[in-house]
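Thank you all for coming. I would like to walk you through a structure that may be new to you, going from the whole chain down to a few side chains.

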Amino acid sequence: MSIEVLSGKVFLVITGASRGIGRQIAITFGPLLQEGSHILLLARNLNSLQEIAKNISSKVTVHTVSMDLGEVTKTDFEKTILGCLKETTRDAFDRVVVVHNVGTIGDVTKLTNEMLDIDYWKQYYTLNLFLPAVLNAVIMNLFDESTNTKKVVINITSLFAIQVNAACGYYCSVKAAREMFFKVFALENPDVNVLNYSPGPVDTDMFQIVCETVKNPETKKRLKHMQETNTVLTTEQTVKRLLKILKEQKYNAGDRIDYFDN
Ligand SMILES: NC(=O)c1ccc[n+]([C@@H]2O[C@H](COP(=O)([O-])OP(=O)(O)OC[C@H]3O[C@@H](n4cnc5c(N)ncnc54)[C@H](OP(=O)(O)O)[C@@H]3O)[C@@H](O)[C@H]2O)c1
């Protein structure tokens, strides 16, 4: 499949790439990239990242870096990216593609009046909002106009960014904030191709955690029903849909598109 936004020599960055949707994005996008492209896979579990790298063609250089994306600094991001570019130069790439996929569901046992622990709030928002925003800025600044590199930014958002769910105060609020952040980013950077992709309900560890722990019985019942009726999507299904959206390019910068949208 030829997809213009993945064409040319690409520097592809995927966060949360060791499992679930991020893993599938790496496995599906990798073979589509031109020879000489580089992929940077970030998550904590290095063994899983290395296993994924083995499945990607040797025409492409894959960098696997274990990183707690809730604990890093701007300098760590800069060093990691520059470390990947040691054998090449930034202007050797036609395109940089960033997939902000990392995400955690957070504590879904608490109602809003029980969300009193400021340290938890900070830690949760650092991983799910603050550091994705910092990573994004680091990449945009490293690949600035002087490199003449086209840029594509994909934020993996959620239905919960726009649909209210009891006991999901951390997740719903952070997903809404992150989506809006990338809309502001798109407005300020009209040269960047920005997509907020909502992947639908997908059979991953995160989905299992919500099913098992969410305090709201209605949400629990709804998700369990999806599992019992086999209506939870596979990671392959949702990433295939993402590719179709990228191929068709029917969105405006910053738009939100859901798996189920026409
Ligand atoms: N599954 C769904 O139904 C669904 C629905 C809507 C939206 N989404 C969104 O899709 C994205 C991916 O979700 P998923 O379901 O694939 O989740 P998942 O299976 O739980 O995978 C999460 C990924 O994030 C990484 N990660 C978690 N904490 C990290 C940390 N502190 N530092 C570095 N990496 C970390 C994990 O790797 P390590 O453990 O190796 O670090 C893993 O690779 C998220 O943004 C989520 O909000 C999912």
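**Charges, overall form and aromatic pairs**

Let me begin with charge: the protein chain carries 29 positive and 29 negative side chains, and the centres of these two sets lie 3 Å apart. Please keep in mind throughout that what you see is a predicted model.

Turning to the fold, the protein chain has a secondary structure of eight helices and seven strands, and its C-alpha trace spans about 55 × 40 × 40 Å along the principal axes. How does the radius of gyration of the protein chain compare with that of a compact globule of 262 residues? The globule would have a value near 18 Å, and the protein chain has 18 Å, so the two agree.

As for the interior, buried residues make up 51% of the 262 residues in the protein chain. If we take the contacts with a separation of 6 or more, 75% of them are accounted for by residues 24 or more positions apart. On the outside, the accessible surface of the protein chain comes to about 12,700 Å², and carbon and sulfur atoms contribute 51% of that surface.

Now to the aromatic side chains, where the structure holds 14 aromatic pairs. One of them is formed by W121 and Y125, a tilted pair with 5.8 Å from centre to centre and 45° between the planes. Both W121 and Y125 belong to helix α4, which covers residues 118–142, and they are four residues apart there, about one turn of the helix. Is each partner buried or partly exposed? W121 has a relative accessible area of 27% and is therefore partly exposed, since that value falls between the limits of 20% and 50%, whereas Y125, at 13%, counts as buried because it is under 20%.

A second pair to look at is F181 with F182, whose ring centres are 5.1 Å apart and whose planes stand at 85°; because that angle is over 60 degrees, the pair is edge-to-face. Here again the partners can be described one by one: F181 is partly exposed, with a relative accessible area of 30%, while F182, at 0% relative accessibility, counts as buried.

Finally, let me return to W121 and Y125, which are members of one aromatic cluster together with Y120, Y124, F130 and Y170. If you have the model open, that cluster of Y120, W121, Y124, Y125, F130 and Y170 is the place where I would invite you to look next.

Notes: Residues numbered from 1 in each chain as written. Predicted model: local features only at pLDDT ≥ 70, side-chain atom pairs only at ≥ 80, totals over all residues. Heavy atoms only, no water. Helix = DSSP H or I, 4+ residues; strand = E, 2+ residues; numbered from the N terminus. Rg over C-alpha atoms; globule rule 2.2 N^0.38 Å. Buried < 20%, exposed > 50% of the residue type's maximum accessible area, 1.4 Å probe, protein only. Contact = heavy atoms within 4.5 Å. Areas by Shrake-Rupley, 256 points an atom, 1.4 Å probe, with all protein chains shown as cover. Lys, Arg positive; Asp, Glu negative; His and termini not counted. Charge placed at Lys NZ, Arg CZ, Asp CG, Glu CD. Phe/Tyr/Trp six-rings, centres within 6.5 Å; stacked < 30°, edge-to-face > 60°.
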